[in-house]
Structure formats: C-alpha cells, structure tokens
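Student: Before we look at this protein, could we agree that each label we use will be tested against its cut-off?

Tutor: Yes, let us take the labels one at a time and set each value beside its definition.

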Amino acid sequence: MLMFRTLLLAGAATLCAVGATSAPAKILDPAKPEDAVEIAKRVQCGIGDQPAVMYWSGKVYSRIEGEPDRHLFDGEGMNIRQCVPVSDPVRGNGFRLVSKEVMFFTDPKTGQIVRKWENPWTGETVDVMQIANDPVNQRPMFPRTADGKPSPTMRMKQAAGWVLMPLEVPLFYTNPLAGDYQDYVGNKYHAMEIFDFAARADELLDTRHPTSYPTVSWVRISDWMPWMKMRGRQGIIIFNAMGAKIKSFNDLPKVMKDEIAANYPGYTAPPPKDDARPNDTTWTVFKKMVDEQRKAAGANPATTTSGNH
C-alpha cells in the first residue's frame with residue numbers, strides 16, 4: 001500500500017544489514033550498526049529467504065473544513081515481501097527488500113469490497129480502484145554510510161518488555177497526475193504516513209528467535225484518492241489502521257484471500273529477488289489505467305482532460 005512503500009524508503013536512511021542465522025545466539029544492541037540492521041531485518045523480513053506478510057485493517061475518513069468527518073470506508077491490506085542479502089566493501093553486509101501490496105476498500109456495514117461508490121459531494125457514481133502496487137521495493141540497507149560512518153538508527157524505546165519504534169514520514173513530491181509546473185501552481189502530492197511498531201523485546205532482540213512478529217499501527221493523511229474524482233475540492237482523507245507481521249499468507253482474512261484469488265493472483269508471492277522495476281504508487285497505477293482507457297477509446301492521453309473512466 002502506498003503505506004509500506006514509504007516506510008521502507010524512509011527505513012533505508014535509518015536501519016540496515018543482515019545477520020547470519022547460523023551465528024551463535026546473542027542479545028542484539030540497537031546502538032551497534034550491525035545489530036541495528038539485524039533488528040530492522042527481524043522487524044521487516046521473514047526467516048531466511050522465506051516471504052513475510054504484513055497485514056493491516058482499519059478505517060478511512062474524510063476531512064473537509066466546516067463539516068463533520070465522514071467514515072467513508074473500512075480497509076483491509078497486506079504487503080508480501082522477501083529480503084535479499086547485499087554486500088558492499090565499505091558499507092558492510094546488508095539487505096534489500098522487494099515487495100508488493102494490496103489494500104481493499106470495504107463497506108463499513110457489510111464488510112464486502114466496494115466496487116462502485118457514490119461520491120456524496122458530487123453525486124457522481126465512480127468505479128473504486130483498489131490499491132494494488134507492484135512493486136514496492138526498497139533501496140539496499142547497510143550498517144554504514146558510503147563514507148564508512150555508522151548509519152543513523154531509528155528511534156527505539158523499551159517499556160514493560162516491549163520495544164516501541166515510531167516513525168513519521170512526511171511526503172511532498174511531484175504528482176504524476178499533474179503537469180510540469182507544480183512548483184508554480186501547486187498540485188504536488190502532499191501526505192504524511194505515521195508508523196508505530198511494537199515488538200516483544202525478548203523476541204526481537206534475542207537471536208534464539210529466528211525473527212520477530214511485531215504489531216504496527218498506521219496513520220496516513222493524504223490528498224483524495226484520484227478515482228474519487230474530487231476535481232480539486234478542498235479536503236483530505238485519513239487512514240487509521242492496525243496490523244502485524246503474520247506467519248503465513250493463509251492467515252489473511254477470507255475476504256482478502258478470495259479477492260486476491262479472483263482478481264490479483266500475482267499477489268500471493270513477492271517480486272523476484274533481482275526485481276529492478278520502478279516502484280508503483282496509487283497515482284502511477286491510476287495514471288496508467290486512465291491512459292490505457294483513453295487510448296482504447298481513441299483519445300489522446302496527453303490532451304484529454306475530462307470524461308468518465
């Protein structure tokens with residue numbers, strides 16, 4: 001989702017490296033660069049080269065100045081990933097994470113996946129584009145920077161047997177759905193994602209456990225989803241979800257497994273270890289979809305500015 005892509009990119013500047021599972025058991029020290037990387041790997045990855053699955057569930061709200069917030073949807077999401085060992089003579093032994101993710105918008109009353117949505121502000125019924133990003137890969141993570149200095153570590157606090165790991169990710173970058181003059185007229189993509197991981201200290205830091213299964217809370221504050229066709233209307237959407245790293249794809253809720261089997265069969269496994277494709281986001285996927293629809297209809301994607309899709 002969009003959500004784990006930004007976490008992983010931010011994590012590249014914070015945590016790094018791969019621990020050898022055959023090494024003697026020890027207690028990891030977050031202050032040591034190599035141990036900090038191993039902690040990151042234990043939070044994000046599976047055992048060895050096995051896939052790992054992050055699952056989350058929550059709600060989606062609107063916020064428009066001057067009116068009450070609206071509960072628009074619920075959401076069910078997952079990210080499936082695997083880690084690839086990498087090595088650098090200066091930066092040390094690290095890993096690269098390759099992944100893909102889906103999130104389905106569900107009806108708060110029925111729990112069923114929403115296919116069409118009547119926009120309460122415009123009165124228009126639109127097709128709901130579920131979030132499906134492939135790939136969502138991460139730059140290599142190492143214990144040391146390119147000049148050999150220890151990489152910055154992420155914030156951690158131990159409390160009552162838990163390790164708490166908060167991370168805020170402000171986002172402000174060129175919107176692929178807007179033009180080449182965003183510095184002058186706006187339309188930049190502007191969002192913030194907030195992740196709060198919590199892991200049992202004994203499981204996370206003691207390497208007698210092959211990996212850790214942390215919980216995660218996720219808040220995302222962003223522009224409207226492009227498929228909502230808000231036409232520049234003032235306001236934002238807020239995602240609020242909780243989840244965890246689960247032990248198997250089969251542990252996902254039935255509604256997710258059924259939808260993946262029916263419409264997203266490629267999302268049962270992570271990308272290949274050598275995947276070099278550019279990352280997807282909701283905005284790049286939506287742009288490709290609309291451009292393909294317009295091309296099929298005989299329109300020029302570069303000049304068409306209106307119409308139903």
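Tutor: Let us begin with helix α5, whose face turned away from the buried side carries the exposed residues K254, A261 and A262; bear in mind throughout that this is a predicted model.

Student: Which residues of α5 are the buried ones, and what makes them one side of the helix?

Tutor: The buried residues of α5, which spans residues 254-263, are M256, E259 and I260. They cover an arc of only 100° around the axis, and therefore they lie on the same side of α5. The general geometry agrees, because an α-helix has 3.6 residues a turn, so residues three or four places apart point the same way.

Student: What covers the buried residues of α5?

Tutor: The cover includes β1 (52-63), β2 (70-88) and β3 (92-106).

Student: Two of those strands also share a charged pair, D74 and K59. What makes the contact between D74 and K59 a salt bridge?

Tutor: A salt bridge requires a side-chain nitrogen of Lys or Arg within 4 Å of a carboxyl oxygen of Asp or Glu, and the side chains of D74 and K59 meet at 3.6 Å, N to O, so the pair qualifies. D74 lies in strand β2 and K59 in strand β1, so the pair ties together parts that are 15 residues apart in sequence.

Student: Why is D74 called buried, and why is K59 called partly exposed?

Tutor: Buried means under 20% relative accessible area, exposed means over 50%, and partly exposed is what lies in between. D74, with a relative accessible area of 15%, is therefore buried, whereas K59, at 35%, falls in between and so counts as partly exposed.

Student: How do you know that K100 and D134 form a salt bridge?

Tutor: Their side chains meet at 3.7 Å, N to O, which satisfies the 4 Å limit, so the label holds. K100 lies in strand β3 and D134 in the loop between β6 and β7, so this pair ties together parts that are 34 residues apart in sequence. K100 is buried, because its relative accessible area is 8% against a limit of 20%.

Student: And what makes D127 and K116 a salt bridge?

Tutor: The closest N and O atoms of D127 and K116 are 2.3 Å apart, so this pair also meets the 4 Å criterion. D127 lies in strand β5 and K116 in strand β4, so the parts tied together are 11 residues apart in sequence. K116, at 55%, is exposed because the cut-off is over 50%, while D127, at 38%, is partly exposed. Elsewhere, salt bridges that share partners join K100, D134, D275 and R277 into one network, and the structure holds 22 salt bridges.

Student: D134 also precedes a proline; what is the peptide bond between D134 and P135?

Tutor: The bond joining D134 and P135 is cis, with omega about 10°, and P135 is found in the loop between β6 (131-133) and β7 (157-159). As a general rule, most residues other than glycine have a negative phi, and most peptide bonds are trans.

Student: Which phi value does K229 have, and is K229 buried or exposed?

Tutor: Phi of K229 is near 55°, a positive value in a residue other than glycine. K229 lies in the loop between β10 and β11 and is buried, because its 13% relative accessible area is under 20%. R231 is found in the loop between β10 and β11 too, and its phi is likewise near 55°, but R231 is exposed, because its 62% is over 50%.

Student: Which residues does N119 contact, and why is N119 called buried?

Tutor: Leaving aside neighbours within four places in sequence, N119 is in contact with E124, M228, K229 and M230. N119 has 0% relative accessibility, which is under the 20% limit, so the residue counts as buried. N119 is found in the loop between β4 (116-118) and β5 (125-127).

Notes
Residues are numbered from 1 along each chain as its sequence is written. This is a predicted model: local features need pLDDT of at least 70, side-chain atom pairs count only at pLDDT 80 or more; totals for chains, interfaces and linings use all residues. Side-chain values use heavy atoms; hydrogens and water are left out. Helices (H or I, at least four residues) and strands (E, at least two) are DSSP runs, numbered from the N terminus. Buried means under 20% relative accessible area, exposed over 50%, partly exposed in between (1.4 Å probe, protein chains only). Contact means heavy atoms within 4.5 Å. The arc is that of the directions from the helix axis to the C-beta atoms.
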